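Thanks for coming. I have one structure to go through today, and I'll keep to what can be read from it.

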Amino acid sequence: LPLRVRQNIKMRLEPCYFCGSTIYPGHGTKFVRNDCKIFNFCRGKCQKAFSKKRNPRKTRWTKAYRKARGKDLTVDPIFELEKRRNEPVKLTEALIKNVVESMKTIETIRVKRAGQHIKNRLKEGKRLRLKEVAKYEKAEMKHKETTSSNVELVKPTLELLKEKAKKREKEVKVEVEYVKEDEELLMETA
């Protein structure tokens, strides 16, 4: 095809039915069910998961999972602009020019809002981590207070352990003395 004709051709990018990623021309597979519903899959992994009747909202690596858990931006008026409409529109040069300009502004707005969504998620995570650290520090302080106030209870057990260790040492010494006496008796008899 000549260069002029190739520039006007648009690729049809379709989303994967299972994971939601974009499928470029020449990639992926189509599955047509008996009721003529078409399912597009980007790779065999998605097709196998679909055939095993897995739920995309419960599979961690899908976009549906991320949206269901609030990890991706889901509710925004910009998404309404991206939806396909089945209304025929008579195209004019001015209309096409306006659409292209609005697409650029919509893309910049979408990127800014997605960035803001990520920042809000990170703030929430940071708040939860700080809350967890404070909880841990509070528990540690409480533990220190209880151990410092109950030192009297801990000391007698330490003293008892030391006394037991001394008794064991004496028993070992006594046994050693008995062994030495037995050796002396054996030497005398021999």
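I'll start with the overall layout, then take the core, two backbone oddities, the salt bridges and a surface patch.

First, a caution: this is a predicted model. The protein chain has 190 residues, and 11% of them count as buried. Its accessible surface is about 17500 Å², with 57% of that belonging to carbon and sulfur atoms.

On secondary structure, the protein chain contains 6 helices and 4 strands. The order along the sequence is α-β-β-β-β-α-α-α-α-α, so a helix comes first, the strands follow, and then the remaining helices. As for contacts, take those between residues at least 6 apart in sequence: 41% of them join residues at least 24 apart.

Now the core. Which residues make up the largest nonpolar core? There are 9 in all: Cys16, Phe18, Cys19, Ile23, Phe39, Phe41, Cys42, Cys46 and Ala49. Strand S4 and helix H2 each supply at least two residues of this core. S4 covers 38–41, and H2 covers 44–51.

Cys16 is a useful place to look from. Leaving out residues up to four places away in sequence, Cys16 touches Ser21, Ile23, Asn40, Phe41, Cys42 and Cys46. Of those partners, Ile23, Phe41, Cys42 and Cys46 are also listed in the core.

Next, the backbone. Most residues other than glycine have a negative phi. Two residues here go the other way. Cys36 has a positive phi, near 70°. Cys36 sits in the loop between strand S3, residues 29–32, and strand S4. Is Cys36 buried or exposed? Its relative accessibility is 61%, so Cys36 counts as exposed.

The other is Lys53, with a positive phi of about 60°, and Lys53 is not a glycine either. Lys53 is in the loop between helix H2 and helix H3, the latter being residues 63–68. Lys53 also counts as exposed, because its relative accessibility is 75%.

On to charges. How many salt bridges does the structure hold? The count is 3. One pairs Asp35 with Arg33, with the closest N and O atoms 3.2 Å apart. Arg33 has a relative accessible area of 36%, so Arg33 is partly exposed.

The other two are in helix H5, which runs over residues 93–149. Arg110 pairs with Glu107, and the closest N and O atoms are 2.5 Å apart. Because Arg110 and Glu107 are 3 residues apart in helix H5, about one helical turn separates them. Both are partly exposed, Arg110 at 27% and Glu107 at 36%.

Further along, Arg127 forms a salt bridge with Glu124, again with the closest N and O atoms 2.5 Å apart. Arg127 and Glu124 are both in helix H5, 3 residues apart, about one turn of the helix. Arg127 is partly exposed at 43%, and Glu124 is partly exposed at 37%.

Last, the surface patch. Which residues make the nonpolar surface patch? They are Val89, Leu91, Leu95, Ile96, Val99, Val100 and Met103, and the patch comes to about 620 Å². Val99 lies in helix H5. Val99 has 37% relative accessibility, so Val99 counts as partly exposed. Patch residues need over 30% relative accessible area, and Val99 at 37% is above that cut-off.

That's the end of my list.

Note on methods. Residues numbered from 1 in each chain as written. Predicted model: local features only at pLDDT ≥ 70, side-chain atom pairs only at ≥ 80, totals over all residues. Heavy atoms only, no water. Patch = residues over 30% accessible without salt bridge, like charges linked within 9 Å, V, L, I, M, F, W, Y side chains within 5 Å. Areas by Shrake-Rupley, 256 points an atom, 1.4 Å probe, with all protein chains shown as cover. Salt bridge = Lys/Arg side-chain N within 4 Å of Asp/Glu carboxyl O. Buried < 20%, exposed > 50% of the residue type's maximum accessible area, 1.4 Å probe, protein only. Contact = heavy atoms within 4.5 Å. Core = buried A, V, L, I, M, F, W, Y, C linked by side-chain atoms within 4.5 Å.
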